[in-house]
Amino acid sequence: MLRDICESEVLAYQMFDADTAKSLIARLADLRAVDKVSQIPVGNPESIDRDGEKCIKIELARKELMIICANHSNNPMLSNNEVEWDKVSRIKICSIGEYDG
């Protein structure tokens, strides 16, 4: 379902309020435009731990967030066990909506 939402502006507007859908569409465009996840220009990207997985949360609108995680067979990691986001070229969108973590 997440893939469908991300691939269809119509579905994004059906699933979320207009502000969230518009912001989601813009953040997805940002993700396509950058070479590195660490280059995302807006949305206040912040590293989080999501059930033991290192991810990034990106603000959409109001309390809505998009959570993305590295999606390599062997994710690039730093010595402190954090994802080396500058070397991540594959991501998966793990969730869109209110984040309670």
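From the N terminus on, the elements of this predicted model run α-α-α-β-β-β-β. The chain thus named has three helices and four strands. Helices (H or I, at least four residues) and strands (E, at least two) are DSSP runs, numbered from the N terminus. Residues are numbered from 1 along each chain as its sequence is written. In this predicted model, local features need pLDDT of at least 70, side-chain atom pairs count only at pLDDT 80 or more, and totals for chains, interfaces and linings use all residues, while side-chain values use heavy atoms and leave out hydrogens and water.

The radius of gyration of the chain is 13 Å, which agrees with the value near 13 Å for a compact globule of 101 residues. This radius is taken over C-alpha atoms, and the globule rule is 2.2 Å times the number of residues to the power 0.38. The C-alpha atoms fill a box of roughly 40 × 30 × 25 Å along the principal axes. Of the 101 residues, 38% count as buried (under 20% relative accessible area, with a 1.4 Å probe and protein chains only).

Strand β3 (residues 64-70) holds E64. E64 is buried, because its relative accessible area is 16%. Leaving aside neighbours within four places in sequence, E64 is in contact (heavy atoms within 4.5 Å) with F16, T20, I58, E59, G97 and E98. For E98, the backbone nitrogen lies 3.3 Å from a polar atom of the E64 side chain.

Technical notes. Buried < 20%, exposed > 50% of the residue type's maximum accessible area, 1.4 Å probe, protein only. Polar contact = N/O pair within 3.5 Å; in protein donor to acceptor, adjacent residues only side chain to side chain.
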